[in-house]
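Here is a short briefing on a ligand site and a metal site. Please view the structure first.

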Amino acid sequence: MIRPLTQAELEAEGVALGRSLPPGTLLTFEGELGAGKTTFIKAIARGLGVAAATSPTYALVHRYRARRGPVFHLDCFRLRAPDEAADLDWEGLLGEGDAILVEWPERAGAWLPQPARRFRLHHLPDADRRGLEIV
Ligand SMILES: Nc1ncnc2c1ncn2[C@@H]1O[C@H](COP(=O)(O)OP(=O)(O)OP(=O)(O)O)[C@@H](O)[C@H]1O
Ligand SMILES: [Mg+2]
C-alpha cells in the first residue's frame, strides 16, 4: 500500500515512528532522488530525541546524539561500489546504535544487515505529496 502524504503528514508519521522504535533497530529507505527519504529520516530522528540533524551532507555516516544513544544515518548514495560497504563497521553500528537509518540501501548490496522494516518513498503526480510504502 502506498499512502500519499503531505510533508507535514510524512514528518508527523516519522516522529511517531521514532518514538516507538525499540533500541538497535535498523530501517532502510528506498526511493528516487528527492522522494523524501532524508525528510522522513530526520523526522524519525527527532522522534528518537535528536535535537538537530545538521551533520555535513558529504559524510557517509552521520552520527546524531539521541535520548537512549547514538542514531546513525547512513547515506549509501555516497558508495561508489557495494564493496565499499564492507569497510563499514556494521557490527559496531548495530551494537552501539539506538537506530540505524539507511538511505539508498540497494547501494550497500549484500553487506547490508537484515532491516527490521523497509520503506520506499514515491514521487506522485501531486507535487505536494509523496507516497510512503512499507515494502
Ligand atoms: N510530501 C512531501 N514529503 C517529503 N518531502 C516533500 C514533500 N513535499 C515536498 N517535499 C520536498 O521534497 C524534498 C525531498 O527531499 P529529500 O532530501 O527528503 O529527498 P531524498 O529522497 O532524501 O533525496 P536524495 O535521494 O537526493 O537524498 C524536500 O525539499 C521536501 O521539502
Ligand atoms: Mg537524501
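Which protein donors does the magnesium ion (ligand 2) have? They are Thr38, through OG1, and Glu103, through OE, lying 1.8 to 2.0 Å from the ion. The model is predicted.

**Magnesium site**
- The donor pair links distant parts of the chain, 65 residues apart.
- Thr38 sits in helix H2, and Glu103 belongs to strand S5 (residues 99-103).
- Thr38 counts as partly exposed, because its relative accessibility is 30% and the partly exposed class runs between 20% and 50%.
- Glu103 has a relative accessible area of 5%, so Glu103 falls under the 20% limit for buried.

**Polar contacts of ligand 1**
- Glu103 also serves ligand 1: a polar side-chain atom of Glu103 is 2.9 Å from an oxygen atom of the ligand.
- A polar backbone atom of Gly34 lies 2.8 Å from an oxygen atom of ligand 1.
- A nitrogen atom of ligand 1 is 3.2 Å from a backbone N or O atom of Asp128.
- The protein buries 72% of the 640 Å² that ligand 1 exposes when taken alone.

**Shell around ligand 1**
- There are 17 residues around ligand 1, and Gln7, Lys37, Thr38, Thr39 and Arg130 come nearest.
- By class, the shell holds 5 nonpolar, 6 polar and 6 charged residues.
- At least two shell residues come from each of strand S1 (2-6), helix H1 (7-20), helix H2 (37-47) and strand S7 (129-134).
- Helix H2 gives the most, with 3 residues.

Definitions and conventions. Residues numbered from 1 in each chain as written. Chains lettered and ligands numbered in written order. Predicted model: local features only at pLDDT ≥ 70, side-chain atom pairs only at ≥ 80, totals over all residues. Heavy atoms only, no water. Near = heavy atom within 4 Å. Polar contact = N/O pair within 3.5 Å; in protein donor to acceptor, adjacent residues only side chain to side chain. Areas by Shrake-Rupley, 256 points an atom, 1.4 Å probe, with all protein chains shown as cover. Helix = DSSP H or I, 4+ residues; strand = E, 2+ residues; numbered from the N terminus. Nonpolar A, V, L, I, M, F, W, Y, C, P; charged D, E, K, R; others polar. Donors = N, O, S within 2.8 Å, 3.2 Å for Na, K, Ca; no water. Buried < 20%, exposed > 50% of the residue type's maximum accessible area, 1.4 Å probe, protein only.
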